[in-house]
Each structure stands twice: as C-alpha cells, then as structure tokens.
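Subject: Structure for you to look at

Hello,

Here is the structure you are taking over. My notes follow below it.

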Amino acid sequence: MKFSQLIESLPDGGGVVFGEGFTSTSELVSLARGAASDLQRRGIRLGDRVASMVDNSLASLVAWFGSALAGAEYVPVNTRLRGGTLAYILTDSAPRLVIADAAHNGAIKTCEPGTLPLLLESHAWLRELDPAAESHGCIEGGGCMIYTSGTTGRPKGVQWLSETQALHAKSYARELVPLASGEHSYSCLPLFHVTCMGVTMAALIQGATVHIDPRFSASTFWNRLSETQAVFFPYVGTMLSLLLKDECPPPPHRVRFAMGAAAPVNVFDRFEQRFGVKLLETWGQTETGSIWLANHERVPGSIGRFCPRANFRLARIEGMGASGELQVRPHDRVSMMSGYHGDSAASSGAWTDGWYSTRDLVTEDDKGNFHFVGRLADCLRRRGENVSAYEVEQAVLKHPDLLEAAVVGVDAELGEQDIALYYVERTRGCIAAQELEAWCREQLGDFMVPRYFCAVAEFPKTETQRIQKGILHDQVRLRGAYDAERKEMRP
C-alpha cells in the first residue's frame, strides 16, 4: 500500500488536537487534498520535494499529508537548525518548495541564495487552502526523506519509499501503540521525528484522537495527560528521569502504557511503580523504518526481541567481550530505507551480503532478549580496552543522587583517551566529586572509572530530549571538574 492510499483510507471517528483546536480525521484528509491541489497549482510534480520547517501544529500535518497526495517527497526539517547545517540540508535535499513557520523564515533566508526555493509561511498557507479543491490524484511518488542528526559527520538524508511510510504506520498501530476507537493519546515529541509520526498515524488508523503539544514540559506534563484523558504517551529516557524528579503527586489520569527508548533500568522500575504506567522499551533507527525490537516480555534492562519483518544477528567485534554489532536482514527491503540521498558509497557501505549494519552494540541473553550496550561511534579506547560510554552512564545513573549523566572521551597525554563524566545532581551540590569517584570504583572496572567529574546545572538537548554531548563538552571544557588522577579541581 502507498502512503497516499493509507491517508485516503483513514477511518472517521478520531482526529488531532493542537492546543484547543480539534480537527477530525475527515477534516484533516480534506485539508490534505486541498494542500495537494495547491502544491500542484504551484508547480509541484511527481517526485519533486517539499520541505517543511514547521513546529508541531495542524500546518505540519497538512504539509506532510498534502505532499503525499501530491506525489511529492516530503522532507521534515528540524526546526531548531540554523546556519551551516540548515543550509546544507536545504542544498542537499533541493526542495522545490519550503513551508515554514514565520519564526523560522529568517534562518532560512540567511542561507546561500542558491539554496532558496519558493518559501511559504505555514499558517497563512493553511488558512488559504480550499478543502473542497480537487487534486490530480497521485498514487505514485510520495515517500519522505528524514535527515539524521549528523553526530558522526554530515547529516544524511534517509529516504523512505511511500510503501515504507505506510508499512511503518500500520506496524506502529499493530505492535507499538494499540488503541481502541475513540481513545485518546498524547505526544509532546516533534513531528519531524519518526516516533511522533508513527504515534500520530497509529492513532488515526485506529480511529483514536492524538493530542500534540509543542514541546515537553515536566511541570505541566501530568496535568496535560489528565486534561486530554490520554491512555498513552511516547517517551525518551530523560523525560522519565525529569518526571521522577518532581516529588509532587500527579493528578488522576487514565494512562495505562507508554512506549519509547533509553529508559535506565532503575528509572524504568521506579516510574512504573510510582505512576502505574507500563513502559514498552524499544529499539529502532530511522534507517530501519518499520523494523525494530520491543520489550513486550518486560525483561528489566532489555530492548526486547525482534519484530517479524527481519532476521537479526550479532557480529562480534574484537575487544568488546560478549557485545556485538546488531545487524538486520529485512524480509522485504520496503521495510527499510531505500538508501541515503546522494551518497551511494554510504548506502552500499551500510550493507554486507544483505545484512544492514546498525553500528549499535548489543548483547543477547540466554532467552533471546537483546540488551543495548552502546554505539560504535560512542565507544572510547582507554588503557588498551574498549569502553562503552553507555555502559558507564548506566552504571553511574544507579547512584541515587544523580539525575542525568553523559560520558565524553578526552584525548589523554599519553595517547588513547581519558573518560570525562558530566552529570546533573538531583539537588545541586548534594554529592562531592570525590565521593562519586569512590562510588564509581565500587561499580566499575578500573579502566572504566572516569578521570574527570564535572557537575553541571543542565544538559543541552535536542527536540527529542537527547543529550548533545558535543555541545556540552565544547561549552564546559571541564571547567571546575575534579581530576581524579591528580586529585585536584580544575580551574
């Protein structure tokens, strides 16, 4: 099935809510048809690209659906991007048209003149659409291109076929976000991210309503769940940690389950016990589309078992012990990305004899459950040993006085790397760095114990609440850190 066909087949009964405004599914589809007609009138043809730099709003959904119905490839752009990265994405994707919020127009216009296509202000464009307008029905084409965060180099444009989008949405509804018709879900993750895209489509496919807020707010989160009568929300691990930090009891709510990734084991258990919400831990990548692992068996610390659309295996790596790189072989290539846009070398290099290399390190227990260890790009080499930053972070987060942790490799004087630990305390100054060092020595192998301990007030994060380690380290540069090797505080 094409994604455009899935949009046209959505049942009545559900809808979307942004702020106080409810839009039924049938109204949303009518607006999408009007958007497709408008895009075609502006010259969009089969296979052209339409980029969207729109914060969570009805306009972002209409741009997404309208592009599909017009046969265009949809390019959602992170609304926090500025400068060179934004210019690169607009140049690399070469959209024929960009729909953007007024707040982001300035950032777009500062890009090189050669990168500027037709620019439409999102909300003015939405108001001018004619829901009764007929588009030239376009079943072919469509698809989307979602850019990676670029943590290990330039962002890559991950391309999904229209069929990949449809399969992703249907699999989300069936396996990750099962809802009954008439129920409500809630999301505060950005719509330029595949998780919120999947959550939104899962609700609409099942005749449910999804309430979408602009961003996560720990102070209003439970009130919003109570107000919306939501039974589900998606999460990232840091959201759960921040919600646990608030000692005030939440108002009555109807939430029975949540789905996400990167919840530390101790946070996972505590969250379920305190709030009565069952958590479904998952693993996935933008590249893997509708292929994921999910911990339906509820094994503590596990990312679960594989879905039925692929085979999985571990490729052993010297020096990593029982850990191996997770590799995936889809039963049907439409389940995954078609490739990286404009980068045939990276596209072909990601595959070996039909197996996709995820670059993620995992272990498998004797019952077939997988456990995430870290990313190959986030591994350090210290004293002749490979060290997973993720493993150190998870061990450190078991300390009751810590809220968040981030490990960064620092070039050592004698070669290889030293380990720097940045951390956020539950209460500022509640633990001395020397005490934390002693605690780490009890929990970790000697080669895994950080050399530098640096407390910070908060971490810089992406819209999906992932810690931006590069920005963090560049901003702090170990100022005020405790050097455990020299037993002194750095200036």
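Which residues in H10 and H11 meet? Before the answer, please note that this is a predicted model.

On the H10 side they are Leu240, Ser241, Leu243 and Leu244, and on the H11 side Val267, Arg270, Phe271, Arg274 and Phe275. Sorted by class, this contact holds 6 nonpolar, 1 polar and 2 charged residues. H10 covers residues 237–245 and H11 covers residues 265–275; their axes come within 10 Å and cross at roughly 50°. An angle between 35 and 65 degrees counts as oblique, and the two helices are therefore oblique to each other. The crossing of H10 past H11 is left-handed.

Phe271 of H11 deserves a second look. Leaving aside residues up to four places away in sequence, Phe271 touches Leu240, Leu243 and Leu244, and also Trp222, Phe233, Gly276, Val277 and Leu279. Phe271 also belongs to the largest nonpolar core, which has 108 residues. Together with Phe65, Phe221 and Phe233, Phe271 touches the most other members of that core. Helix H3 (residues 58–69) supplies the largest share of the core, 9 residues. Apart from this core lies another one, of 24 residues, including Ala395, Tyr423, Ala433 and Ala484. As background, nonpolar side chains in soluble globular proteins tend to be buried together.

A second helix pair is H7 (residues 162–176) and H8 (residues 194–205), which pack at an angle of about 70° with their axes 8 Å apart. That angle makes H7 roughly perpendicular to H8. Here the crossing is right-handed. From H7 the contact takes His168, Ala169, Lys170, Tyr172 and Ala173, and from H8 it takes Val194, Thr195, Gly198, Val199, Met201, Ala202 and Ile205. By class, the contact of H7 with H8 comes to 8 nonpolar, 3 polar and 1 charged residues.

One loop residue is also on my list. Where is His331 placed? His331 is in the loop between strand E17 (324–330) and strand E18 (339–340). Not counting residues up to four places away in sequence, His331 touches Pro308, Arg309, Ala310 and Asn311. Glu404 is 73 residues from His331 along the chain, and the C-alpha atoms of the two are separated by 38 Å.

Regards

Key:
Residues numbered from 1 in each chain as written. Predicted model: local features only at pLDDT ≥ 70, side-chain atom pairs only at ≥ 80, totals over all residues. Heavy atoms only, no water. Core = buried A, V, L, I, M, F, W, Y, C linked by side-chain atoms within 4.5 Å. Buried < 20%, exposed > 50% of the residue type's maximum accessible area, 1.4 Å probe, protein only. Helix = DSSP H or I, 4+ residues; strand = E, 2+ residues; numbered from the N terminus. Contact = heavy atoms within 4.5 Å. Axes fitted to C-alpha atoms, helices over the stretch in contact; angles between N-to-C directions. Parallel < 35°, antiparallel > 145°, perpendicular 65-115°, else oblique. Left-handed = near helix turned anticlockwise from the far one by under 90°. Nonpolar A, V, L, I, M, F, W, Y, C, P; charged D, E, K, R; others polar.
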